[in-house]
Amino acid sequence: MAEAGKKYCVNCGAEIDEKAEICPKCGVRQPASTIPPSYAPYQSGSEYVHHKRITAGILGILLGGLGIHQFYLHNIGWGILMLIFCWTGIPAIIGLIQGILYLTETDEYFGRVHRLI
């Protein structure tokens, strides 16, 4: 959690001065509004993103045919679509492929793609 008078860089997640327009660590210009600490950007040891990625990958491999991994990632529309067509077997193949991809992606990439960071 950022100290009073501090905020997080929108690019690298470094704690910087609240009034800083450019991050001294990565050099990226900061937006005018501040981001609450609970929505701080990805930092390289994020347990939350790592846990979500591993869980989604395992769910995709084991229950991908029912779209459970999509529901877990809050992609309700895709989850319902996979559930409707589960009898065809195609969602099972898609779920298996997505599960393997989730497990092989980096935490940073997974977090950015699925809007977790």
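A residue is called exposed when its relative accessible area is over 50% and buried when that area is under 20%, with partly exposed in between. These terms are applied here to a predicted model. By this standard R29, with a relative accessible area of 55%, is exposed, and E21, at 54%, is exposed as well. The two residues form a salt bridge in which the closest N and O atoms are 3.6 Å apart.

Side chains of opposite charge can pair when their charged atoms come close. Across the whole structure, 3 salt bridges were found. Besides the pair described above, a salt bridge joins R53 to D107, with an N to O distance of 2.5 Å. R53 belongs to helix α1 and D107 to helix α5 (residues 107–113), so this pair ties together parts that are 54 residues apart in sequence. R53 is buried, with a relative accessibility of 8%, and D107 is also buried, at 16%. A further salt bridge links the side chains of E108 and R112 at 3.2 Å, N to O. These two residues are 4 residues apart in helix α5, a separation of about one helical turn. E108 is partly exposed at 36% relative accessibility, and R112 is partly exposed at 40%.

The search for disulfides in the whole structure gave 0. C9 takes part in no disulfide, and the nearest cysteine sulfur, which belongs to C26, lies 3.6 Å away. Because a disulfide requires two cysteine sulfur atoms within 2.5 Å, the 3.7 Å between the sulfur of C12 and its closest cysteine sulfur, in C9, is too far for a bond. C9 is buried, with 0% relative accessibility, whereas C12 is partly exposed at 22%.

H69 is located in helix α2 (residues 68–72) and is buried, its relative accessible area being 0%. Its side chain makes a polar contact of 2.5 Å with the side chain of Q98. When residues up to four places away in sequence are not counted, H69 touches A56, L59, G60, G64, M82, G95, Q98 and Y102.

On the surface, a nonpolar patch of about 740 Å² is made by I58, I61, L62, L63, L66, L83, L96, I100 and L103. Two elements, α1 (47–63) and α4 (90–104), give two or more residues to this patch. The largest share, 4 residues, comes from α1. L96, one of the patch residues, lies in helix α4 and is partly exposed, with a relative accessible area of 38%.

Methods:
Residues are numbered from 1 along each chain as its sequence is written. This is a predicted model: local features need pLDDT of at least 70, side-chain atom pairs count only at pLDDT 80 or more; totals for chains, interfaces and linings use all residues. Side-chain values use heavy atoms; hydrogens and water are left out. Patches are made of residues with over 30% relative accessible area and no salt bridge: like charges are joined within 9 Å, nonpolar side chains (Val, Leu, Ile, Met, Phe, Trp, Tyr) within 5 Å. Accessible areas come from the Shrake-Rupley method with a 1.4 Å probe; for residues, only the protein chains shown count as cover. A salt bridge is a side-chain nitrogen of Lys or Arg within 4 Å of a carboxyl oxygen of Asp or Glu. Buried means under 20% relative accessible area, exposed over 50%, partly exposed in between (1.4 Å probe, protein chains only). A polar contact is a pair of N or O atoms within 3.5 Å; within protein, one must be able to donate a hydrogen and the other to accept it, and residues adjacent in sequence count only if both atoms are side-chain atoms. Contact means heavy atoms within 4.5 Å.
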